[in-house]
Amino acid sequence: MMSDGPTNSIVEEAGYYWSNKMGRMYLLALEEVVGKNAVNAILNQAGLRRRMNNYPPDNLDLGWEFGEVSAINQAQAQIYGPEEDVELARRVGRAWFGHALSDFAAVLGIADLAFRLLPAGMRVKLGLKAIAATFRNTGDQTVRVQERENSFQYRIERCPECWGRRAEASICHTNLGLLQEGLSWATGSRQAQVEERACIARGDPSCTFVIAKHSIE
């Protein structure tokens, strides 16, 4: 368990990491949605006072522990309540995608004209794979994208958002928001249907997000 701060809001350290850049973008997205003072309140509640006004540097060193991500999400839910937190976390995820897009899109080949001219289904498939590759290549998060007859599945098999947490329902709302915004960007529409069908926090083997093909055609 993490030792600093209120013990009722801390989840155990994972021994796995995001890059500093990913953690910084995450906190900047959170700040964009709730404001600087609220970010500090969340960090304090999470027992992460060392991160207050001290975001990770903008580099790819592995310095953002999965337990920190999970503690922030747990503290956020405690402060805002479960119902308000769902929408708030999704908004953070959407803002987070915007920050990530500006940093990684060109490198992954999803920002050029050729990508924009592809059919919507292909853009979604390549976009999901690009998001998964970004997380795999910049940290310890494990993600797979699978195509089914009627859907795409985005599976997080080592998930920082719900690390060490237990819940009766799926709780990876920030990841859901990120995927929603990513699909909106890829298709030019907000009609794509994304649903978290499985979550490690409730005992499932992966956090699995399903995108219905009919909603992107």
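About 9800 Å² of this protein is exposed, and carbon and sulfur atoms supply 47% of that area. Keep in mind that you're looking at a predicted model. On the burial side, 53% of the protein's 217 residues count as buried, meaning they fall under 20% relative accessible area.

Now for the overall layout. The protein has seven helices and six strands, and if you walk along the sequence they come up as β-α-α-β-α-α-α-α-β-β-α-β-β. How much of the contact network joins residues at least 24 apart in sequence? Take the contacts between residues at least 6 apart, and 70% of them do.

Next, have a look at the sheet. Four strands make up an open sheet in the order β3-β4-β6-β5, and the pairing is antiparallel. Which strands sit at the edges? Those are β3, covering 142–147, and β5, covering 194–198, and each of them pairs on one side only. On average, neighbouring strands here are turned by 25° against each other, direction ignored.

Zoom in on β4 and β6. Strand β4 spans residues 151–158 and strand β6 spans residues 207–212; the two run antiparallel, with six bridges joining them. If you'd like a specific pair to click on, try Phe 152, whose bridge partner in β6 is Ile 211.

Finally, add a helix to the picture. Helix α6, residues 120–137, lies across β3, β4 and β6. What angle does helix α6 make with β4? Helix α6 runs at about 5° to that strand. So β4 turns up twice in this tour: bridged to β6, and with α6 lying across it.

Note on methods
Residues numbered from 1 in each chain as written. Predicted model: local features only at pLDDT ≥ 70, side-chain atom pairs only at ≥ 80, totals over all residues. Heavy atoms only, no water. Pairing = 2+ DSSP bridges. Axes fitted to C-alpha atoms, helices over the stretch in contact; angles between N-to-C directions. Contact = heavy atoms within 4.5 Å. Buried < 20%, exposed > 50% of the residue type's maximum accessible area, 1.4 Å probe, protein only. Areas by Shrake-Rupley, 256 points an atom, 1.4 Å probe, with all protein chains shown as cover.
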